[in-house]
Each structure stands twice: as structure tokens, then as C-alpha cells.
Amino acid sequence: FMGGSITEMEGYRPIMMESLNRRFPATDFSFPDAGISSTCSTTGAFRLADDVLSKEPVDLFFVEFAVNDDQDAHHAKRECIRGMEGITRHMRDRNPSCDIVMVHFVNEAMLASLAKGKEPLSSGSHEDVAVRHDISSAHVARELASKIKDGSLTWARYGGVHPARPGNELAASVVNRILDKAWSGPLAESIKPHPQAELLDKGSYVRGQFLDNSKCVRDEAWHLSVPDWKSIKGDCRPRFRNVPLIHTDLPGGAFSLSFEGNCLAAYLLAGPDAGIAEIAIDGGPYKPIQLKHAYSKGLHYPRTVMLATDLPHGTHAAVIRKARSENPEEKTAIRIIRLGSN
């Protein structure tokens, strides 16, 4: 199970675990929870190898990012596709027989779009990926919109963005209808690999991976350590408090790295003091990238920022530094969890 907080929480995931155990009581299942609150499909594409593929073999894969691609990442269509297609194609390339179910959850803005007969951008983009690659999708958002329209359910009873028990039971029922249909007849005598279709976007992160932080060459302004969170303003979630980060609060210093691929991503914590990173690729000019997020005011918010995209495939050299603040009294910082390449 991969996704954001809707997957990480005790929601539809444990209901589906119970359901699968009931269906196949003789099977010894493993159900890794690869949900991380606030993360989007872009982050998912780069952490897939560590958080999911490392648990191989994966026979059945549930993935949800429609809500977080919408309200957290505010992705354009291209990024919704590059993230979700990156995740699902990487999974299928690694295990062509793996079955996948996308689960589209919903927030109030997405629900309002559906009420007007318009598909939300995030779930619509993910559906484009599902159709292209013959992936099943459980459209919980449409199901809820239909039930609200006929008066059989309300948004309040459903439970909101993080569904209550009735909302999670609704989600599980939509998923189970897919599984009921798939397993309604006799099972095939052998497992056949899924055919591979042409990518919707050649820039999709289908080979996303995290890089080794220790390979970065740092000057004295940058550290690879656990920050002193007690002295830093803003809340940091427990899962990140003991994680060594590449971090600095000093301008001018830089670190460099060599990477293989066509893009460079930074999975980072953007807090109240998040600054501006500057990156130069292959000796080119420095490009500024704002790291602060709308949710950074009181939280060191986990997000993935694309530092460079659409590079020629091959080996590249990057130099990253913190920009000097226009206000000398302002103390800003950069705190990178992992760097990623495709």
C-alpha cells in the first residue's frame, strides 16, 4: 500500500488487509505500509525502490495520490502523470506480473468539480495513466459524489479528507468490487506478464531512485547530521526527527554531486525558515528554487522539489548552495532528506 496520509492512517488499508485474509485464509500475506503523510506521487516515484520494491516480491499494489497531488503538491497535469506513471511503470518493469489498483480519494474541491460533471485534474491525470497501462482504478471520489447526489451519504459522514470508518468502508467496497470481478471465474493456470504500453510522458520518473547522501562533497557550511530540532522553530514529525539530513543555515556554502539520469530531485523538509536553493548543472548558471511551501508556517513539511528536469540522459554534475537572503536579519535554512535521480 503506497500513498499519503490516507494510506498511512488506520483507514481503508487495514480493512483491505482483513478482506484479503478472509478471501485467502491459507495465504501468508505481508502488507507493508508505504504511506507517508503529505507526500505526492513525485515523492512516491523516487522512494518506490526503498519503500516498496525492497519488500519484493510485490504481487498486488495499491497506490493513492490523487488528494495529495491536488491539495499538497498543487501539481500540473504533467507532474501528476510523471509521478504516477513513474511509480506504476517502474513497478511493472520490475515485476511484469504485478497487479495494480489505483485508489482515487477526494477532498472538498475535487468533490465540487465532480458535482459539476468535471473530473479533477489529479485523478483525471492518474486515470489517463491507468487507461494507457491497463491498470484497475477504484474511483472512490466518483462513488462518493454519486452517493451524496442521491442522498445516501454525506461529506460529514464520509469523514472528510481523512475518511472516517464509513468513508474507509466505502473505499474498501469499491476496491472489493474490482477484486470480485477479477476473481469471479476460474483462475488462470499460469500468471502472464502485463503488456507494456508506450509512455504517456517520456519524462515520467520510471527509474526514480534515491541517491547516497554520503556521496555528496560538502564544504564546511553544510552538514550531514540530525539537526538540533529543539532549537529550531516549527514542528517536525516523529518519523523525521532522528534522520540525518544534508542541511545548512549559512549562505554561500555549497555541496556538489555527480548523478546519472535526466533529472535531479530533492526530498526535503520545508519549515518556517525554509530558504531558497540555487543549483548549477554541468557548470551552467545558478538557478534559484524556492523551497518554502504554503504549509511551512508551523511545520517542517515533507515535499519533493524538482531541482532540474528534462536533462539529456547521462552523467551530470550539480552544485547546490543556499541563496543569500535579501533581509540580512532573516535566518533561513535548507534541510534535504534525500536527493533523487531518474
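**Exercise 1. Work out how β7 is joined to β10, then place both strands in their sheet.**

*Solution.* Start with the pair itself: β7 and β10 (residues 254-260) run antiparallel and are joined by two bridges. Bear in mind as you go that this is a predicted model. For a concrete pair of residues, look at V217, which stands opposite S256 in β10.

Now widen the view. The strands belong to an open sheet of five, in the order β7-β10-β15-β12-β13, and the pairing is antiparallel. The edges of this sheet are β7 (217-218) and β13 (287-290), each of which pairs on one side only.

**Exercise 2. Go to the other edge and describe how β12 meets β13.**

*Solution.* First count the bridges: four of them join β12 (residues 276-281) to β13, and the two strands run antiparallel. Next, pick out a facing pair: I279 has K287 of β13 opposite. Finally, follow the chain between the strands. β12 and β13 form a hairpin with five residues between them, and in the turn D282 has a positive phi of about 55 degrees.

**Exercise 3. Decide whether S122 and S123 are buried or exposed, and list what each one touches.**

*Solution.* Let's take S122 to begin with. S122 sits in helix α7 (residues 121-132). Its relative accessibility is 2%, so S122 counts as buried, the cut-off being under 20%. Beyond its neighbours within four places in sequence, S122 is in contact with A66, D69, D70, C80 and M110. For a sense of distance, try G298: S122 and G298 are 176 residues apart in sequence and 26 Å apart in space, C-alpha to C-alpha.

Then turn to S123, which also lies in helix α7. With 0% relative accessibility, S123 counts as buried too. The side chains of S123 and E119 are joined by a polar contact of 2.5 Å. Not counting residues up to four places away in sequence, S123 touches A66, H104, M110 and H139. Compare the two lists and you will find A66 and M110 in both.

**Exercise 4. Find the largest cavity and classify its lining.**

*Solution.* Here is the idea behind the search: rolling a probe the size of a water molecule over the atoms shows where empty space is left. The structure holds one cavity of 30 Å³ or more. The largest cavity has a volume of about 40 Å³. Its lining consists of T88, R89, R92, H133, I135, P195, Q196 and A197. Sorted by class, that lining has three nonpolar, three polar and two charged residues.

Methods
Residues numbered from 1 in each chain as written. Predicted model: local features only at pLDDT ≥ 70, side-chain atom pairs only at ≥ 80, totals over all residues. Heavy atoms only, no water. Pairing = 2+ DSSP bridges. Helix = DSSP H or I, 4+ residues; strand = E, 2+ residues; numbered from the N terminus. Buried < 20%, exposed > 50% of the residue type's maximum accessible area, 1.4 Å probe, protein only. Contact = heavy atoms within 4.5 Å. Polar contact = N/O pair within 3.5 Å; in protein donor to acceptor, adjacent residues only side chain to side chain. 1 Å grid on protein atoms, 1.4 Å probe; cavity = no way out; pocket = protein on both sides within 12 Å on 5 of 7 lines; lining within 4 Å. Points joined across faces, edges and corners; volume = space filled by probe spheres on them. Nonpolar A, V, L, I, M, F, W, Y, C, P; charged D, E, K, R; others polar.
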